[in-house]
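Biologist: I would like to go through this chain piece by piece. Please give the reasoning with each answer.

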Amino acid sequence: MKISEVKPGKVEIQGWIENLRDKKSMQFVVIRDLSGKIQVTVVKNEIPEIAEVFSGASLESTVKIVGQAVKNDFVKLGGIEIIPESVEITSHAEPFPIGPESSIDQRLDYRWIDLRSPKQALIFQVETTLNQAMRQWCIDHDFMEIHTPTLIGASSEGGADVFEVKYFDRKAYLIQSPQFYKQMAMAAGFERVFINTPVYRAEKSFTKKHATEFSGFDVELSYVNSQEDVMKIEEQILAYAIGEVYKKHGAKVKELLGVDIVVPTLPFPRINMKDAYKVLRELGFNIKDGEDFNTEEEVALCKHMEEKNGHQFFFVTEYPTAVRAFYTMAKEDEPAYSKSYDLYFKDVEITSGAQREHRPDVLKKQIEDRGIDTTPMQDYINFFKNGCPPHGGFGLGLDRLLMLLLDIPTIKEAMYIFRGPTRLNP
Ligand code: AMO
């Protein structure tokens, strides 16, 4: 049984030996599983064979214990202790090569040990709830979940940050995004889809927010009039999912991580790119029309928006067309700007989204204008030749969202196993 469910009477528990105080006549052993901790008390001269087993056991070994749970008001851990009848060491632990003073990179080398603390487990309990709630919202609102390949014949985002893999006698790539496949679902008449998938970026970035493989949460929907229709969906998904995390884990997150989860109110604040330029120029930056933000400008804009709105999220809309991917639709009345957006949370971009260019001739031209070879893109362009509704969607980085939600200092710690330019282990 789970340790948290132990009540007076006969019990069988399994867990880790967290602590062992070996006194002259007594042993006090603390056993831990994911649900909690309990004390096992041994009177040495009454059960010498069990005392011997514990004496020979190292900390963090795993054990199976059968015994009687009894109330004892002197016991700090829940006022209950187990008097063992049989003890079996199920696995022996060698001493730990890492400790609390180890750096994050040393800890990642021994991730299975690093993750053993309740704080670390909580991060992934939160992720489970967060992801499940995002999926639930989509399912409740008529979205279909599709499962898409991670191997692809052409780079889906343009650009060079794509991993090449040997695919029998030709080249394939790992997807940088399920972009093509989710758009194909619109041409297939699925209307609303979402995808949870690993995505890959061959980018040599060593920042708190970059990984070479991460978890994407992608959404695409048909019959949109602009990016605004997509943004409305995304803000509702996030408000619902963070609300679920707050309900289920808010108190524990506060207790173990010292973080207040703030459930965002709707609508999220919005600022279009032209207004963002104005704000930044007033703050002394000399960003020019048509440019994207650099890092300092991004940080300054985030600070400004949070101060102005008292909200942890905001959308930036209508980026210059030239700085966005080829599949983005330009504004009809002002083609230099696009029907696109990014979503920021605290001080990091967590999403890109847009209405897509669904007219095959215009799409082809946009690809060519960016100097990208259309030959490997032909299947993708063909998706739109047999009737395809206007559509849009977004891609959200789940690991970044989790990192920011729990104020974790780096994405390395918000991922179960991190992959970066110099890390392929464990
Ligand atoms: P974009 O390239 O902005 O857009 O990626 C979408 C989101 O994915 C996350 N992200 C990353 N997370 C960790 N490490 C990285 N190296 C990394 N790169 C990106 C971010 C980002 O906002 N196809 C479009 C989405 C769309 O338009 O639907 C796309 O991939 O949170």
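Biologist: How are H4 and H6 oriented to each other, roughly parallel or roughly antiparallel?
Modeller: In this predicted model, the axes of H4 and helix H6 (residues 227-257) lie 8 Å apart and make an angle of about 155 degrees. Angles over 145 degrees count as roughly antiparallel. The two helices, H4 and H6, are therefore roughly antiparallel.

Biologist: What is the handedness of the crossing of H4 and H6, and which classes of residue make up their contact?
Modeller: H4 passes H6 in a right-handed crossing. By class, the contact has four charged residues, five polar ones and 17 nonpolar ones.

Biologist: H4 also meets H11; is H4 oblique or roughly parallel to H11?
Modeller: Helix H4 covers residues 118-140 and helix H11 covers residues 398-405. Their axes come within 11 Å and cross at roughly 125 degrees. Roughly perpendicular ends at 115 degrees and roughly antiparallel needs over 145, so this angle falls under the remaining term. That makes H4, relative to H11, oblique.

Biologist: Which residues make the contact of H4 with H11, and how many of them are nonpolar?
Modeller: H4 passes H11 in a right-handed crossing. H4 brings Ile123, Val126, Glu127, Leu130, Asn131 and Met134, while H11 brings Leu398, Asp399, Leu401, Leu402 and Leu405. Sorted by class, the contact has two charged residues, one polar residue and, for the number asked, eight nonpolar.

Biologist: How does H7 lie against H8, roughly parallel or roughly perpendicular?
Modeller: Helix H7 (residues 273-282) and helix H8 (residues 295-309) have axes 10 Å apart, and the angle is about 95 degrees. The range from 65 to 115 degrees counts as roughly perpendicular. H7 is therefore, with respect to H8, roughly perpendicular.

Biologist: Which residues of H8 meet H7?
Modeller: On the H7 side the residues are Ala276, Val279 and Leu280. The contact of H7 with H8 divides into five nonpolar residues, one polar and one charged. The residues on the H8 side are Glu297, Ala300, Leu301 and His304.

Biologist: Turning to the ligand, which residues come nearest?
Modeller: There are 22 residues around the ligand. Those that come nearest are Gln179, Lys182, Glu349, Ser352 and Arg356.

Biologist: What is the distance from an oxygen atom of the ligand to an N or O atom in the side chain of Glu349?
Modeller: The backbone supplies some polar atoms: a nitrogen atom of the ligand lies 3.4 Å from a backbone N or O atom of Lys209, and a ligand nitrogen atom is 2.9 Å from a polar backbone atom of Ala211. For Glu349, the pair is a side-chain N or O atom and a ligand oxygen atom, and the distance is 2.5 Å.

Biologist: Which residues are joined to a proline by a cis peptide bond?
Modeller: Most peptide bonds are trans. Pro267, in the loop between H6 and strand S12 (270-272), has a cis bond before it with omega about -10 degrees. Pro426, in the segment after helix H12 (411-414), has one with omega about -5 degrees. The residues joined to these prolines are Leu266 and Asn425.

Biologist: What is the phi of Phe168?
Modeller: Most residues other than glycine have a negative phi. Phe168 sits in the loop between strand S8 (164-167) and strand S9 (170-174). Its phi is positive, near 55 degrees.

Key:
Residues numbered from 1 in each chain as written. Predicted model: local features only at pLDDT ≥ 70, side-chain atom pairs only at ≥ 80, totals over all residues. Heavy atoms only, no water. Axes fitted to C-alpha atoms, helices over the stretch in contact; angles between N-to-C directions. Helix = DSSP H or I, 4+ residues; strand = E, 2+ residues; numbered from the N terminus. Parallel < 35°, antiparallel > 145°, perpendicular 65-115°, else oblique. Left-handed = near helix turned anticlockwise from the far one by under 90°. Contact = heavy atoms within 4.5 Å. Nonpolar A, V, L, I, M, F, W, Y, C, P; charged D, E, K, R; others polar. Near = heavy atom within 4 Å. Polar contact = N/O pair within 3.5 Å; in protein donor to acceptor, adjacent residues only side chain to side chain.
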